[in-house]
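Here are my notes on the structure, set out as numbered points. Please keep the model open beside the text and look up each place as it is named.

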Amino acid sequence: MSRNNTWVILQREYLNRVKKKSFLVMTILMPLLFVALMFAPALLSNVGKQSKTYLVVDETGAYAASFNEATKDRYVFVSDTAVAFDSLRAEACNGVIYIAASGLDGNRQRADFFYMTSEPSMEQLSGISSKMTSSLRQKLMQEVGGMSQEVYTLVNEAEVEIGAKNMETGEQTYSEVKTVLGYLFGFLIYLFIFMFGGMIMSGVIEEKTNRIVEVLISSVRPMQLLTGKIVGISLVGLTQLLIWGVLTFLLVFAGGLAFGGGIDAESLASAQQMAAGAPIEMDAMGKVMDMIHSVNLSRLFVIFIAYFIGGYLLYAAMFAAVGAAVENENDTNQFMLPITVPLILSIIVSVNILNDPNGPVAFWFSIIPFTSPIAMMIRVPFGVPGWELALSLGLLVLGCVGTTYMAAKIYRVGILMYGKKTSYKELWKWLRYKA
Amino acid sequence: MDILQTKDVVKRYANHLALDRVSITIPEGAVYGLLGPNGAGKTTLIRIINQITGPDEGEVWLNGEKLSPEHITQIGYLPEERGLYKKMKVGDQAVYLAQLKGLSKAEAVRRLKYWFEKFDILSWWDRKVEELSKGMQQKIQFVVTVLHEPKLLIFDEPFSGFDPINAQLLRDEILGLRDRGATVIFSTHNMASVEEVCDRIALINRSHKILEGKVDEIRNSFHANLYEVVLETQEKADDFLGRDLEVLDVQPLEKPGRLSLKLKMTQGNATNALLQHLMAHGQVCAFKEVLPSMNDIFIQTVKQANEDEQK
């Protein structure tokens with residue numbers, strides 16, 4: 001009977017929210033926004049049509065072939081950086097691509113893009129990186145020779161990382177795909193925790209101010225009510241996420257087709273080039289796809305879901321406890337602090353994490369459960385050792401159990417307390433009540 | 001057969017004792033009034049019976065079994081502070097609450113249709129709760145409380161918020177449920193309704209039970225030897241009434257010589273002797289012993305208990 005009750009509650013919590021108009025609107029609008037954000041830069045750069053000139057300083061000598069196709073932009077090889085920087089300073093070119101010999105490590109090549117006034121866009125960088133990657137692959141194949149599984153893996157996973165730097169200050173900018181993806185996923189978790197946590201909190205406050213909780217609590221245990229609510233709302237979140245994913249994919253796909261068809265002569269030329277097997281200048285669709293391929297997306301997605309669920313569960317019961325401790329939404333502020341501080345802190349340190357994805361700040365923030373869902377998601381696209389992921393997820397599970405245990409105690413007492421202004425001291429008392 | 005028994009139930013909160021060794025016994029088929037001033041511990045006791053909270057010491061027995069989670073479906077509880085989801089449709093909500101009491105969806109719908117028809121509220125099925133008046137919401141809450149046909153019904157201030165007509169309807173329904181075998185616990189401040197519907201009461205004050213028993217027995221035991229008499233006489237009342245009689249009130253009635261008297265016997269309670277005495281002095285038109293009202297008993301007992309406590 002008792003498990004059945006949790007199920008009945010879960011169903012109500014889920015269906016009631018999914019059937020709301022606001023859910024439908026959010027679910028449809030967000031993918032449109034995502035896709036618009038993805039395509040806008042690509043479209044704008046196409047609209048610009050202005051040809052740009054880049055100087056290439058290639059110390060390895062391996063990438064000559066990368067830049068010799070006829071493209072809209074011009075690439076000119078120069079022998080040393082001093083010449084190139086002078087030219088950049090004189091605004092005779094738009095940027096300098098510096099490929100250091102020391103930047104080569106196995107099948108990875110690190111390169112820098114220096115700019116003066118205008119930062120390169122993500123598309124520009126990923127375009128350059130993909131041109132270089134094909135050269136790197138050819139080079140690797142020639143060097144190794146033969147074809148075995150190892151060679152295939154080595155070549156297939158070859159990668160060129162290109163980072164943009166301001167020439168004067170040496171400051172790194174964050175327009176790389178990984179940066180954007182890391183930030184996007186981290187921010188999504190932040191958003192979801194507040195969105196669905198807020199749903200739990202207002203649900204609890206509604207039941208308390210309505211006094212329906214008195215009726216409910218004579219039929220079900222507070223833990224069943226809490227569990228049904230938390231799990232039901234988490235399913236709302238996952239449903240929304242799933243629909244967002246599917247819609248975004250369909251829109252990107254449809255958008256790619258539409259834009260591909262729209263770019264007449266040039267795209268036709270591209271298509272012909274493609275048929276001839278030559279590398280081509282990519283259209284918008286291609287650029288987006290290329291960005292996505294440059295990181296292991298399915299792995300990223302699995303980790304995202306894990307941290308999404310973990311982060312949500314870590315905070316869910318705390319939101320419920322806050323809801324149970326107050327009489328109306330206006331009183332929540334004083335108790336929101338322990339929830340908002342770690343979350344906002346993780347967003348603030350995201351800059352440090354991006355600067356040094358394996359540094360101590362990044363490490364500790366991505367290990368401690370309260371900040372790890374966001375901090376780790378920012379790090380993951382840059383590659384995180386397996387043991388760190390395992391440790392972080394393990395601690396997150398422990399954290400979930402711990403916060404839920406404490407918060408459930410506060411919840412249990414709080415939902416039946418009226419007409420008293422609650423303080424932190426009061427909450428501490430509730431924690432020590434017996435069941 | 002006793003349906004509910006609490007044995008020395010103790011409940012402590014951080015710095016106060018909510019219930020101190022409270023034992024009550026409720027026979028099956030009774031309408032049992034749970035009375036007491038605000039903050040006496042009634043709601044705590046009701047919450048313990050509903051297993052919303054557990055006692056720190058003592059035991060609760062239902063139908064000869066120690067109270068356990070399975071008993072939830074045998075109890076129906078209408079709390080004093082009650083509400084519904086405002087944005088949810090009446091029918092959906094009633095079905096939801098019934099499911100939580102263990103009814104299947106189909107069974108819940110079938111029974112709800114019966115009750116809604118009976119209360120003439122079937123047309124509200126698809127309306128949102130926020131569109132209904134408070135009285136209408138109370139009707140729905142009542143239906144939801146009794147829908148799973150519990151053996152034990154607990155009503156906390158059931159009549160608050162009802163107009164007199166609907167309060168009467170509700171009273172009849174509650175007594176009807178009692179007649180069909182349910183036992184009812186009533187928690188209320190409305191002493192008139194206690195006299196009207198309760199067979200037994202317990203009075204709780206400052207976490208102690210200070211009085212328990214049948215309503216008529218309690219009223220008899222509190223009788224103060226007060227009598228209302230209508231007498232036709234030519235004499236003056238003060239002249240013929242003896243020393244063991246106190247005249248509390250004399251009112252001349254319209255007919256000359258007819259008096260309405262309120263008398264108190266200060267010694268003994270030999271009513272026949274009193275009657276004979278009165279008959280010797282005139283024509284007795286009416287004679288009635290005045291029992292104290294539950295309201296008087298409530299106030300008197302609570303005051304007495306508080307004074308005793310202070311000593």
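1. In this predicted model, B:K89 is found in the loop that lies between β6 (75-78) and α2 (90-100) of chain B. B:K89 has 16 other C-beta atoms within 10 Å, and because a residue needs 20 or more to be buried and 12 or fewer to be exposed, B:K89 is classed as partly exposed. If residues up to four places away in sequence are not counted, B:K89 touches B:D126, B:R127 and B:K128. B:K105, which is 16 residues from B:K89 in sequence, is 15 Å from B:K89 in space, C-alpha to C-alpha.

2. Which residues of strand β3 of chain B lie on one side and which on the other? In a regular strand the side chains alternate between the two faces of the sheet. In β3(B), B:V31, B:G33 and B:L35 are on one side, B:Y32 and B:L34 are on the other, and all of them are buried, with the result that both faces are covered. The strand, residues 31-35, accordingly has 5 of its 5 residues buried.

3. The partners of this strand can be followed on the model as well. β3(B) is joined by 4 bridges to strand β8 (residues 183-187) of chain B, and the two run parallel; within this pair, B:Y32 stands opposite B:I185. β3(B) also pairs in the parallel sense with strand β9 (residues 200-205) of chain B, again over 4 bridges, and here the bridge partner of B:L35 is B:L203.

4. After β9(B), please look at B:R206, which is found in the loop between β9 and β10 (208-214) of chain B. Phi of B:R206 has a positive value, near 45 degrees, although the residue is not a glycine. B:R206 has 17 C-beta neighbours inside 10 Å and therefore counts as partly exposed.

5. Chain B is divided into domain 1 (2-220) and domain 2 (224-290), and the C-alpha centres of these two domains lie 45 Å apart.

6. In what order do the strands of the open sheet β12-β13-β11-β14 pair, and is the pairing parallel or antiparallel? The 4 strands of chain B follow one another in the order just written, and the pairing is antiparallel. At the edges are β12 (245-252) and β14 (283-290) of chain B, each of which pairs on one side only. Direction ignored, neighbouring strands of this sheet are turned against each other by 20 degrees on average. Strand β11 (residues 226-232) and strand β13 (residues 258-265) of chain B pair over 7 bridges in the antiparallel sense, with B:K262 in β13(B) as the bridge partner of B:E228. Helix α9 (residues 271-279) of chain B lies across β11, β13 and β14 of chain B, and α9 runs at about 155 degrees to β14(B).

7. Chain A has 17 helices and 6 strands, and buried residues make up 39% of its 435 residues. Among the contacts in chain A with a separation of 6 or more, 75% are between residues 24 or more positions apart.

8. The largest nonpolar core has 128 residues, and those with the most contacts inside it are A:A320, A:A321 and B:I154. Helix α11 (residues 297-325) of chain A gives the most to this core, namely 16 residues. Leaving aside neighbours within four places in sequence, A:A321 is in contact with A:A407, A:I410, A:Y411 and A:G414. There is also a second, separate core of 28 residues, which includes A:L55, A:Y98, A:A111 and A:A158.

9. How many residues of each chain take part where chain A meets chain B? On the chain A side 18 residues are in contact with 20 residues of chain B. α1 (2-18) and α7 (212-217) of chain A each supply at least two residues of the side of chain A that touches chain B, and the largest share, 5 residues, comes from α7(A). The residues of this side divide into 9 nonpolar, 5 polar and 4 charged.

10. A last point concerns A:R211, whose place is in the loop between α6 (177-210) and α7 of chain A. A:R211 is not a glycine, yet it has a positive phi of about 70 degrees. With 16 other C-beta atoms within 10 Å, A:R211 is partly exposed.

Definitions and conventions. Residues are numbered from 1 along each chain as its sequence is written. Chains are lettered from A and ligands numbered from 1 in the order in which they are written. This is a predicted model: local features need pLDDT of at least 70, side-chain atom pairs count only at pLDDT 80 or more; totals for chains, interfaces and linings use all residues. Two residues are in contact if their C-beta atoms, placed from the backbone, lie within 7 Å. Ala, Val, Leu, Ile, Met, Phe, Trp, Tyr, Cys and Pro count as nonpolar, Asp, Glu, Lys and Arg as charged, and the others, Gly among them, as polar. Domain bounds come from an automatic or database domain assignment. Two strands pair if DSSP finds at least two bridges between them. Axes are lines fitted to C-alpha atoms, for helices over the stretch in contact, and angles run from 0 to 180 degrees between N-to-C directions. A nonpolar core is a set of buried Ala, Val, Leu, Ile, Met, Phe, Trp, Tyr and Cys residues joined through C-beta atoms within 7 Å.
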